[in-house]
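Trainee: I'm new to this one. Could you walk me through how to read it?

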Amino acid sequence: MRSPRALPLPAVLLCLFVATGLSLLAASVLPSGFRGPAIAALSLAKAMLVVLGFMRLQRESAGLAGALIGYAALICLLAGARIALSGVS
Amino acid sequence: MNIAVREGLDTAQPETGSGVELLLWILIWSELVVFGALLGAFLLLGALDPPALAALRSGLELPLAGMATIVLVSSGFFAARAAFGHHPRRNLVAAALGGFTFCALKIAALVHELPALAATEGRLSELYMLIVGFHFAHVLFVAGLLLLVALRPTPRHVAGVATIWHLIDLIWLLILPVIYLG
């Protein structure tokens with residue numbers, strides 16, 4: 001049975017488009033201190049949309065979905081920290 | 001993944017693919033580890049040498065990277081539709097065409113970026129080429145696999161190739177903040 005809480009695929013795609021546009025906007029207009037966290041959060045949101053919205057992996061294995069999101073979160077965190085710290089020095 | 005295919009394509013499909021599925025996930029995680037190591041190395045080198053990173057980034061084509069992202073996530077949408085049982089053949093072909101379009105956009109970007117990359121000395125530009133080239137090779141290869149599966153789409157094959165396609169999508173979404181958006 002399909003979960004009634006699952007986002008429809010077109011809505012997932014639309015959210016991915018919006019998040020991509022916002023990421024590009026953040027990269028070009030925000031100062032580095034705000035840019036890092038903003039880009040990290042938007043990138044993690046996109047990764048979660050792919051794992052939970054397109055793959056719907058949580059239905060089959062919540063652990064596997066969590067591991068993929070954790071992996072994406074680690075890379076996004078490191079990327080965000082590097083961007084944020086680039087304006088400090 | 002497989003749940004939807006079982007719902008939408010062939011409810012009588014026997015559960016014989018758990019070994020194959022385990023191998024698929026071992027392959028996927030080994031790819032993630034390799035890309036994670038490459039992205040980690042890029043982050044480390046970029047943090048150690050900010051002027052080289054700034055020089056590299058000034059030569060990159062951010063608008064084309066944005067367009068490539070839109071194309072790749074759209075092809076992920078078609079792969080997801082195929083995996084959930086909506087016209088698998090048609091959607092797999094659409095996903096593959098998205099992959100080939102992504103490759104064309106990356107070639108166009110590289111044509112613009114190569115002179116700047118050639119002028120940039122150091123490991124960062126080499127690492128950039130390695131990461132982007134490795135991902136490009138994955139997109140090209142799996143887009144070909146999407147077409148092969150589209151010839152005779154069986155539920156398990158559609159689910160497997162769609163899963164790999166989503167992972168390639170995911171890796172690109174992680175390449176973007178590490179390399180392009182800083």
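Mentor: Let's go from chain B as a whole to a helix pair, a salt bridge and a surface patch. This is a predicted model, where local features need pLDDT of at least 70, side-chain atom pairs count only at pLDDT 80 or more, and totals for chains, interfaces and linings use all residues. Residues are numbered from 1 along each chain as its sequence is written, chains are lettered from A and ligands numbered from 1 in the order in which they are written, and side-chain values use heavy atoms, leaving out hydrogens and water.

Trainee: How many helices and strands are there in chain B?

Mentor: Helices (H or I, at least four residues) and strands (E, at least two) are DSSP runs, numbered from the N terminus. Chain B has seven helices and zero strands, and its C-alpha trace spans about 60 × 30 × 20 Å along the principal axes.

Trainee: What share of chain B is buried?

Mentor: Buried means under 20% relative accessible area, exposed over 50%, and partly exposed in between (1.4 Å probe, protein chains only). Of the 182 residues in chain B, 52% are buried.

Trainee: How do α2(A) and α7(B) run, parallel or antiparallel?

Mentor: You compare axes, lines fitted to C-alpha atoms, for helices over the stretch in contact; angles run from 0 to 180 degrees between N-to-C directions. Helix α2 (residues 32–55) of chain A and helix α7 (residues 155–180) of chain B pack at about 175°, with axes 9 Å apart. So α2(A) is roughly antiparallel to α7(B), a label for angles over 145 degrees. Among the residues that meet there are A:I39, A:V50 and A:F54 from α2(A), and B:L167, B:L170 and B:L173 from α7(B).

Trainee: Which residue forms a salt bridge with B:E126?

Mentor: A salt bridge is a side-chain nitrogen of Lys or Arg within 4 Å of a carboxyl oxygen of Asp or Glu. B:E126 pairs with B:R123, the closest N and O atoms being 3.3 Å apart. The whole structure has one salt bridge over all chains. Because B:E126 and B:R123 are three residues apart in helix α6 (residues 123–151) of chain B, about one helical turn separates them. B:E126 is partly exposed at 47% relative accessible area, while B:R123 is exposed at 57%.

Trainee: Which residues form the nonpolar patch on the surface?

Mentor: Patch members have over 30% relative accessible area and no salt bridge; nonpolar side chains (Val, Leu, Ile, Met, Phe, Trp, Tyr) are joined within 5 Å, like charges within 9 Å. Here they are A:L14, A:V18, A:L22, A:L25, A:V29, A:L30 and A:F34. Helix α1 (residues 9–29) of chain A gives the largest share, five residues. A:L22 sits in that helix and is partly exposed, at 41% relative accessibility.

How values were computed:
Accessible areas come from the Shrake-Rupley method with a 1.4 Å probe; for residues, only the protein chains shown count as cover. Angles under 35 degrees count as roughly parallel, over 145 as roughly antiparallel, 65 to 115 as roughly perpendicular and the rest as oblique. Contact means heavy atoms within 4.5 Å.
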